[in-house]
Amino acid sequence: LSPGQKIVTFVNRKLEPYRGCHTMIRAIPHLQQLMPDAKLLIVGETSGVSYGAACPDGEWKDKFLAEIEGQYDPSKVHFTGMVPYNDFIPLLQLSQVHVYLTYPFVLSWSCLEAMSCGCPIIGSSTPPVEEVLKHSQNGLLCDFFNPQQLADSVQILLEDRAMATTLGHAARNTILKKYSLQTCIDHQINLINLVKNGGIIP
C-alpha cells in the first residue's frame with residue numbers, strides 16, 4: 001500500500017451484520033464495476049460476533065461472500081484480520097475513503113479515530129452515526145441496507161478528491177472541537193459538579 005492508491009477501508013471488531021458487513025460485502029461487485037482499480041481493506045476478525053446473533057451456518061463473512069461469488073475480483077479485496085493499533089492508524093491515514101456502518105447502537109471508537117485521521121467518511125444514516133456525521137458537511141451518509149448507494153457514494157469520493165479532502169478536514173475538525181481529551185474532561189467535570197450541586201439528581 002502506498003499514498004495515492006484508491007484504498008477503501010472498512011472496520012469491524014468482528015465482521016457481523018450489526019456493524020454492516022453484509023451491506024459492505026454486497027456492495028463489492030458494484031463498487032468494482034465503478035472503480036476497478038480500488039483496493040478494499042476489511043479489518044476485523046472473521047469469526048464469531050461481538051454484539052449481534054451468530055451466523056446460523058458458519059461465519060457471516062463466508063455467508064455474504066458466497067452471495068457475490070463469481071461477481072467480483074477477490075485479489076483486490078483484502079481481509080486483514082485484527083490489526084495492531086500502531087498499524088491501524090497509518091492504515092487510516094492511507095485510506096482515501098472510510099466506510100462506517102452500524103445498526104442504531106453504540107458508536108464505535110474506530111469511527112472517531114477515522115475522523116480524527118482526516119478520512120473522508122461514508123456512514124450509515126442511523127442515529128449514532130448522525131450524531132457525529134452531517135451529510136455533505138463532514139462526511140456522506142447512505143442507507144444502511146443499500147449496497148448500490150454505498151458503492152455510488154464511494155465512487156463519488158474516490159473521483160472527487162477536492163470534495164473528499166474538504167470532508168476529511170471537516171471530520172477532523174469535528175473531533176478536535178467536540179471530542180478532544182480536554183473537551184471531554186471538561187464535560188465530565190461539569191457533569192460531576194452538576195450532581196454535586198444538586199443540579200442533577202442521580
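Glu45 is partly exposed, because its relative accessibility is 31%. That value, like the others below, is computed from a predicted model. The partner of Glu45 is Lys14: the two form a salt bridge in which the closest N and O atoms are 3.9 Å apart. This separation falls within the 4 Å cut-off, so the pair counts as a salt bridge. Lys14 belongs to strand β1 and Glu45 to strand β2, and the pair links distant parts of the chain, 31 residues apart. Lys14 has a relative accessibility of 23% and therefore also counts as partly exposed.

A general point helps here. Side chains of opposite charge can pair when their charged atoms come close.

How many salt bridges does the rule give? The count comes to 3. Another of them joins Asp37 and Lys6, whose closest N and O atoms are 3.3 Å apart. Asp37 sits in the loop between α1 (21-34) and β2 (39-45), while Lys6 sits in the segment before β1 (7-14), so this bridge ties together parts of the chain 31 residues apart in sequence. Asp37 has a relative accessibility of 43%, which means that this residue is partly exposed. Lys6, at 25%, is placed in the class of partly exposed residues as well.

Next comes the bridge between two helices. Glu67 pairs with Arg26, and their closest N and O atoms are 2.8 Å apart. Because Glu67 lies in helix α2 (residues 60-67) and Arg26 in helix α1, the pair ties together parts that are 41 residues apart in sequence. Is Glu67 buried, exposed or partly exposed? Its relative accessibility is 36%, so Glu67 counts as partly exposed. Arg26, with a relative accessible area of 35%, is partly exposed too.

The last stop is a residue away from these pairs in the account, His98. Where is His98 placed? This residue is in strand β4, which covers residues 97-100. His98 has 0% relative accessibility and therefore counts as buried. The cut-off for that class is under 20% relative accessible area, so a value of 0% meets it.

Which residues does His98 touch? Leaving out residues up to four places away in sequence, the contacts of His98 start with Thr9, Phe10 and Val11. Leu92, Ser110 and Ala114 are also touched by His98. The list is completed by Cys119, Pro120, Ile121 and Ile122. Thus a residue with 0% relative accessibility has contacts with residues including Thr9 and Ile122.

Conventions
Residues are numbered from 1 along each chain as its sequence is written. This is a predicted model: local features need pLDDT of at least 70, side-chain atom pairs count only at pLDDT 80 or more; totals for chains, interfaces and linings use all residues. Side-chain values use heavy atoms; hydrogens and water are left out. Helices (H or I, at least four residues) and strands (E, at least two) are DSSP runs, numbered from the N terminus. Buried means under 20% relative accessible area, exposed over 50%, partly exposed in between (1.4 Å probe, protein chains only). Contact means heavy atoms within 4.5 Å. A salt bridge is a side-chain nitrogen of Lys or Arg within 4 Å of a carboxyl oxygen of Asp or Glu.
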